[in-house]
Amino acid sequence: MSKKYTAAIVGPGNIGTDLMFKLMRRSEWIEPVYMVGVKDSEGLRRAKKLGLETSADGVDWLLEQDELPDFVFEATSAKAHLANAPLYREAGIRAIDLTPAAIGPYVCPPVNLDELQDVMNVNMITCGGQATTPIVSAVSSVVPVDYAEIVASIASKSAGPGTRANIDEFTETTAAALRVVSRAKQSKAIIILNPVEPPMLMRNTVYCSLPPEAAEPGAKQDEVKESIARMVERVQEYVPGYHLTADPQFDEAREDWRGWGRVTVLIEVKGAANFLPEYAGNLDIITAAAARTGDMLVERMELAAKGA
């Protein structure tokens, strides 16, 4: 490849700025060249100092440029992406959506990106979705998961206006991804904004139902543990601060659980501090996943161009 693919970041807030640093420092394939907002901001000023072309005139300005980007990373809000997505598609720009708009298929890089055909818009679910769908998928790859529930707890300081404005979309999109991506038959998602000081790292609790054969100690339970461990390693390839805080905990089948057993997985996410503080692991995991998705999409495009 003679040059990197170009990208625009729409949304110069904390998520967009952190993503800019990740792409500049880590991406082998994608170079951010535009940063777009709707008003003057520190994020735009910072991007301009780093050499990006910037504008506070929104997506209309971006689409008027002589050289359009190959990718756009949407880091605004679900409502904004609903309006912008048709414009990107008409312009032939691939969109990686970091909002809960869920126009395109849900993507978690180590779980299902390889399964998707050529698409122009992919959705990064939510921060909680990126942290928990890999675990539920790891369990469902071994045994059927009739029910999955996740609780994502994040530092209140790491929840910006976009997160706060999209709480309903967060729970709905995350729960849907547990079914669509992780293959749980039923699902529920909860988010907690914790105002504790000093701010806490992102923590996620994942509950998965287990059939009777996996609810008791034995070979099937060992397979579940091994599958979870492998998945954690895959996520750590692009989110080094992702780790379990304890071994998976298994509960025996109970009559009031319809005869199911249960596995509980406790996850903590420490941010890489590329731009945001370490406690903002919730933002770090979604920007890291978006950057990883962009690189993987380019690799696929390159192979297709070579006829592989």
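The legends below describe close-up views of a predicted model.

**View 1. Two domains make up the division of the chain.**
Domain 1 covers 5-124 + 287-307, and domain 2 covers 127-278. Their centres, taken over C-alpha atoms, are separated by 26 Å. On the domain 1 side, 24 residues take part in the contact; on the domain 2 side, 22 residues do.

**View 2. The largest pocket holds about 900 Å³ of space.**
Its lining counts 39 residues. Closest to the pocket centre are Gly13, Ala75, Thr76, Ser77 and Gly162. Five elements are listed as giving two or more residues to this lining: α1 (14-26), α3 (58-63), α4 (78-91), α6 (161-165) and α10 (281-305). Which domains supply at least three residues each to the lining of the largest pocket? Domain 1 (5-124 + 287-307) and domain 2 (127-278) both do. By class, the lining of the largest pocket has 20 nonpolar, 17 polar and two charged residues.

**View 3. The UniProt "binding site" annotation covers a set of residues that includes Gly160 and Asn166.**
The annotation comes from an unreviewed entry. It covers Ser158, Ala159, Gly160, Pro161, Gly162, Thr163, Arg164, Ala165, Asn166 and Asn282. From this set, Ser158, Ala159, Gly160, Pro161, Gly162, Thr163 and Asn166 belong to the lining of the largest pocket. Glycine 160 sits in the loop between β7 (145-155) and α6. Its relative accessible area is 24%, so glycine 160 ranks as partly exposed.

**View 4. Asparagine 166 lies in the loop between α6 and α7 (167-180).**
Is asparagine 166 buried or exposed? Asparagine 166 is buried, because its relative accessible area is 7%, under the 20% limit. Leaving out residues up to four places away in sequence, asparagine 166 touches Ser77, Ala78 and Pro100. Ser77 is also among the residues closest to the centre of the largest pocket.

**View 5. Cysteine 127 carries the UniProt feature "active site".**
This feature, too, comes from an unreviewed entry. Cysteine 127 lies in helix α5, residues 127-140. With 10% relative accessibility, cysteine 127 counts as buried. Which residues does cysteine 127 contact, leaving aside neighbours within four places in sequence? They are Phe170, Met202, Asn282, Ile285 and Ile286. One of these, Asn282, is also covered by the UniProt "binding site" annotation.

**View 6. The second largest pocket holds about 200 Å³ of space.**
Its lining has 13 residues. Arg26, Tyr238, Ala291, Arg292 and Asp295 are the closest to its centre. Helices α1 and α10 are the elements that give two or more residues to the lining of the second largest pocket. The largest share, six residues, comes from α10. The lining of the second largest pocket divides into five nonpolar, one polar and seven charged residues.

**View 7. Proline 217 lies in the loop between α8 (212-215) and α9 (219-236).**
Proline 217 is exposed, because its relative accessible area is 68%, over the 50% limit. Proline 217 and aspartate 251 are 34 residues apart along the chain. What distance separates their C-alpha atoms? The C-alpha atoms of proline 217 and aspartate 251 are separated by 9.8 Å.

Notes: Residues numbered from 1 in each chain as written. Predicted model: local features only at pLDDT ≥ 70, side-chain atom pairs only at ≥ 80, totals over all residues. Heavy atoms only, no water. 1 Å grid on protein atoms, 1.4 Å probe; cavity = no way out; pocket = protein on both sides within 12 Å on 5 of 7 lines; lining within 4 Å. Points joined across faces, edges and corners; volume = space filled by probe spheres on them. Helix = DSSP H or I, 4+ residues; strand = E, 2+ residues; numbered from the N terminus. Nonpolar A, V, L, I, M, F, W, Y, C, P; charged D, E, K, R; others polar. Domains from an automatic or database assignment. UniProt positions renumbered as here; feature names shortened; annotations may be inferred. Buried < 20%, exposed > 50% of the residue type's maximum accessible area, 1.4 Å probe, protein only. Contact = heavy atoms within 4.5 Å.
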